[in-house]
Amino acid sequence: QVQLVESGGGLVQSGGSLRLACAASGRTISAYAMAWFRQAPGKEREFVAGISRSGGSTDYGDFVKGRFTISRDNAKKSVYLQMNSLKPEEMAVYFCAARDSGYYDEYVSRSSGRYAYWGQGTQVTISS
């Protein structure tokens, strides 16, 4: 199993940037495809970005439009989400998630149900 802890959330002005980090402990992170999801009050959990276990494939929610970048450092057991040009409607709790992945598996799933391991989330607040 793997345990995930997010950090880097906080208050930022509209148009600003934040870099979220997800630190893993337990089993090596290199065995997992990783993703970021977000959930605003009263809304369903939404896929933000994902990265394959090798880092060779990435995918982003349609709303991202080049503003976010997901990356991973398996040696540091960490995954990152750089978010630029943030909008007030993107205020939410951001979650890190992990999915068991085969060695040659480059598939990035957008479905939250495919991810077995979750962090507790980090709040992102955006002022207009």
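How many salt bridges does a search of the whole structure find? The search finds seven, a salt bridge being a side-chain nitrogen of Lys or Arg within 4 Å of a carboxyl oxygen of Asp or Glu.

Good morning, colleagues. Before the details, a word on the source. This is a predicted model, in which local features need pLDDT of at least 70 and side-chain atom pairs count only at pLDDT 80 or more, while totals for chains, interfaces and linings use all residues. Residues are numbered from 1 along each chain as its sequence is written, and side-chain values use heavy atoms, with hydrogens and water left out.

I begin with the charged pairs. In general, side chains of opposite charge can pair when their charged atoms come close. One of the salt bridges joins D100 and R27, with 2.9 Å from N to O. D100 belongs to strand 9 (residues 92-100), whereas R27 sits in the loop between strand 3 (18-26) and strand 4 (32-39), so this pair ties together parts that are 73 residues apart in sequence. Strands here are DSSP runs of E with at least two residues, numbered from the N terminus. Both partners are partly exposed: D100 has a relative accessible area of 38%, and R27 has 40%. On this scale, buried means under 20% relative accessible area, exposed means over 50%, and partly exposed lies in between, with a 1.4 Å probe and protein chains only.

Let me turn to R110. Its side chain meets that of D59 in a salt bridge of 2.7 Å, N to O. R110 lies in the loop between strand 9 and strand 10 (117-118) and D59 in strand 6 (residues 58-60), so parts 51 residues apart in sequence are tied together. R110 is partly exposed at 38%, and D59 is partly exposed at 22%. R110 also forms a salt bridge with D62, where the closest N and O atoms are 3.4 Å apart. Because D62 lies in the loop between strand 6 and strand 7 (68-73), this second pair ties together parts that are 48 residues apart in sequence. D62 itself is exposed, with a relative accessible area of 59%. Elsewhere, R38, E46, R67 and E90 are joined into one network by salt bridges that share partners.

Next, strand 9. Is this strand mostly covered or mostly open? It is mostly covered, with seven of its nine residues buried. Strand 9 pairs with strand 4 in the antiparallel sense over eight bridges, where pairing requires that DSSP finds at least two bridges between two strands. Within strand 9, Y94 is the bridge partner of R38, the residue named a moment ago in the network. Strand 9 also pairs with strand 11 (residues 122-127), antiparallel, over three bridges, and there the partner of Y94 is T122. With strand 10, strand 9 makes an antiparallel pairing over two bridges, and A97 stands opposite W118 of strand 10.

T122 merits a closer look. At 9% relative accessibility, this residue of strand 11 counts as buried. Leaving aside neighbours within four places in sequence, T122 is in contact with E6, S7, G8, G9, L20, A92, V93 and Y94, contact meaning heavy atoms within 4.5 Å. The T122 side chain reaches the backbone nitrogen of G9 at 3.2 Å.

What is the place of S101? S101 lies in the loop between strand 9 and strand 10, and is buried with a relative accessible area of 10%. Its side chain makes a polar contact with the side chain of D105 at 3.5 Å. A polar contact is a pair of N or O atoms within 3.5 Å; within protein, one must be able to donate a hydrogen and the other to accept it, and residues adjacent in sequence count only if both atoms are side-chain atoms. Not counting residues up to four places away in sequence, S101 touches A31, Y32, A33 and R53.

Finally, strand 7. In a regular strand the side chains alternate between the two faces of the sheet. Along strand 7, F68, I70 and R72 point to one face and are buried, while T69, S71 and D73 point to the other and are not. Strand 7 pairs with strand 8 (residues 78-83) in the antiparallel sense over six bridges, one of which matches D73 with S78. The two strands form a hairpin with four residues between them, and K77 in the turn has a positive phi of about 55 degrees.
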